[in-house]
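User: I would like to go through the reasoning behind some of the labels used for this structure. Please set each value against its cut-off before you conclude.

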Amino acid sequence: MRSVRRLIMMDVDSQPDVKVNGDVAQNGKDNAAEGSTKDHDFYFNFYSSLQNQANMIGDISRTGTYRKAILGNAAVAFKDKVVLDVGAGSGILSYMSAQAGAKHVVALEASSMADKMSILVKAANKGKSNPHLRDKVRIVRGMVENKKVQEEVLQTGKVDTIISEPIGVMLLHERMVESFLLARDMFLKPGGHLLPSAGHIFFCPFTDEALYNETDQKAQFFNTTLFGTDFSELYAAAREEVFAQPVVGMFPPTSLVSTACPPRSFDFYTCTKEELLEFTIPVDFVVQRTALVHGLASWFDLDFLPNPSATSHDPAWNYPIMPANSWQWMTQDSPLNPAPTPPAPKDGLNVILSTGPSAPRTHWQQARLLLPEPLAVNKGERLTGTLSFRVNDARSYDMVMDLRVDRPGPEFDVNPLKRRAEYQLQQQCFNYSYNPDATLGGLGLNGSAVAQ
């Protein structure tokens, strides 16, 4: 399964389609006779699919944690508030915001998924279904960067709370966080709330000879004669290409040879767009066992803390997103349609979503950056270096990784203790050789997920 994400970036000069309370307008004209609008951009087309939206809604760790964060912070950030959902997709977060007591929800979505949201909202407004949505949700189609869209969002004034799921592989892939921050600057009232409130990228060295050999074999395909033509001159280019691809997939925690270094953190309340365009992350590890280090593994955490002074530790909210003993719960609490939550704490709830290798599985999984040549490291030695990120025109990042074993001794021009590798974050490949669900007794996609 490919990593499913939503993207709302489009040509800033294009005219947006706008839908208000489920009524359709395109460039100021009635669009009802034309039916659903078409998505000319590949990304819009991909995320306009209900099946792709189902993959994201069905990520119980992701959607269940967002539900806990929204309903758990109802008293602080949603009750009688005006809420903006940036990149609303299926509208699931908008609908949860209405359940949390929002007075008015603006669902902003650039793809034609806005048409499908409109079907639900129209039905609710006519009293056919979903009474919690009736006259609550206003759908605006377009991107944050578009001036007409900005005017449409501000039709009801600035908002009290912004909710969004702007996250991609390694936190920042697809660059939607930039749109999230722009929405903050354009639409959020002073003292307003953001969910998520922060993101943290982690790195840790790993060993995986099978993955390394598998990747090398992809390049070796060209190091031979194929149908009468010698392709071996392309071997070096093929090898450079495959090792520049981040590997997305789950991996066993036992493949890590150190503990993760402190993460690079982005406080979404204070972070600027410029801080996301180019940055460098220093890394420093103490290797815990002698091994060949094949690269660095990466994952991220999200914080949902709209009230920094929240001190509530209500045990009633310490429930699992997907219960370990699912069969005992299924008659009363389906993971996709869980039972009502306890009353929201008055001072809010601190919720964390982790995508790490020891956490319940998410559709983001984890990412690994392979070294074209591994590093032999002894137990107790330090592995230091940097990872540099720079945005590119593919809605992602060009990356450079420098690693060095901190081992005393003479150095030469060609130092076997140093490695440099370059990556293109958008050129991801996928590896499914490890299935954590098998170790959990077949409990399903997300095992016994518990949000903190």
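**Strand pairing and aromatic contacts**

Analyst: The model is a predicted one. In it, strand β18 (residues 382–391) and strand β19 (residues 397–406) run antiparallel and are joined by 10 bridges.

User: What makes β18 and β19 a pair of strands?

Analyst: Pairing requires at least two bridges between the strands, and β18 and β19 are joined by 10, so they count as paired. One of the partners can be named: Arg382 has its bridge partner, Asp406, in β19.

User: Where do these strands sit in the sheet, and which strands form its edges?

Analyst: The sheet is open and has four strands in the order β14-β18-β19-β20, with antiparallel pairing. Its edge strands are β14 (278–286) and β20 (418–424), each of which pairs on one side only. From one strand to the next, the twist averages 15 degrees.

User: Why are Tyr212 and Phe243 called a tilted aromatic pair?

Analyst: The structure holds 13 aromatic pairs. For Tyr212 and Phe243 the centre-to-centre distance is 5.5 Å and the angle between the planes is 50 degrees. Because the distance falls within 6.5 Å, the rings pair, and because the angle is neither under 30 degrees nor over 60, the pair is tilted. The two residues lie 31 residues apart, Tyr212 in helix α9 (residues 209–220) and Phe243 in helix α10 (residues 235–243), and the pair thus links distant parts of the chain.

User: How do you know whether Tyr212 and Phe243 are buried or exposed?

Analyst: Buried means under 20% relative accessible area. Tyr212 has 10% and Phe243 has 2%, so both of these residues count as buried.

User: What makes Trp317 and Tyr319 a pair, and of which kind?

Analyst: Their ring centres are 6.1 Å apart, which is within the 6.5 Å limit, and their planes stand at 45 degrees, between the cut-offs of 30 and 60 degrees, so this pair is tilted. Trp317, at 3% relative accessible area, is buried, and Tyr319 is buried as well, since its 18% is under 20%.

User: Why is Lys68 said to sit over the ring of Tyr319?

Analyst: The charged end of Lys68 lies 4.1 Å from the ring centre of Tyr319, so the distance condition, within 6 Å, is satisfied. The label also requires a position within 35 degrees of the ring normal. Arg368 is assigned likewise, with its charged end over the ring of Phe206 at 5.5 Å from the centre.

User: Which residues form an aromatic cluster with Phe266?

Analyst: Phe279, Phe389 and Tyr397 form one aromatic cluster with Phe266.

Note on methods: Residues numbered from 1 in each chain as written. Predicted model: local features only at pLDDT ≥ 70, side-chain atom pairs only at ≥ 80, totals over all residues. Heavy atoms only, no water. Axes fitted to C-alpha atoms, helices over the stretch in contact; angles between N-to-C directions. Phe/Tyr/Trp six-rings, centres within 6.5 Å; stacked < 30°, edge-to-face > 60°. Buried < 20%, exposed > 50% of the residue type's maximum accessible area, 1.4 Å probe, protein only.
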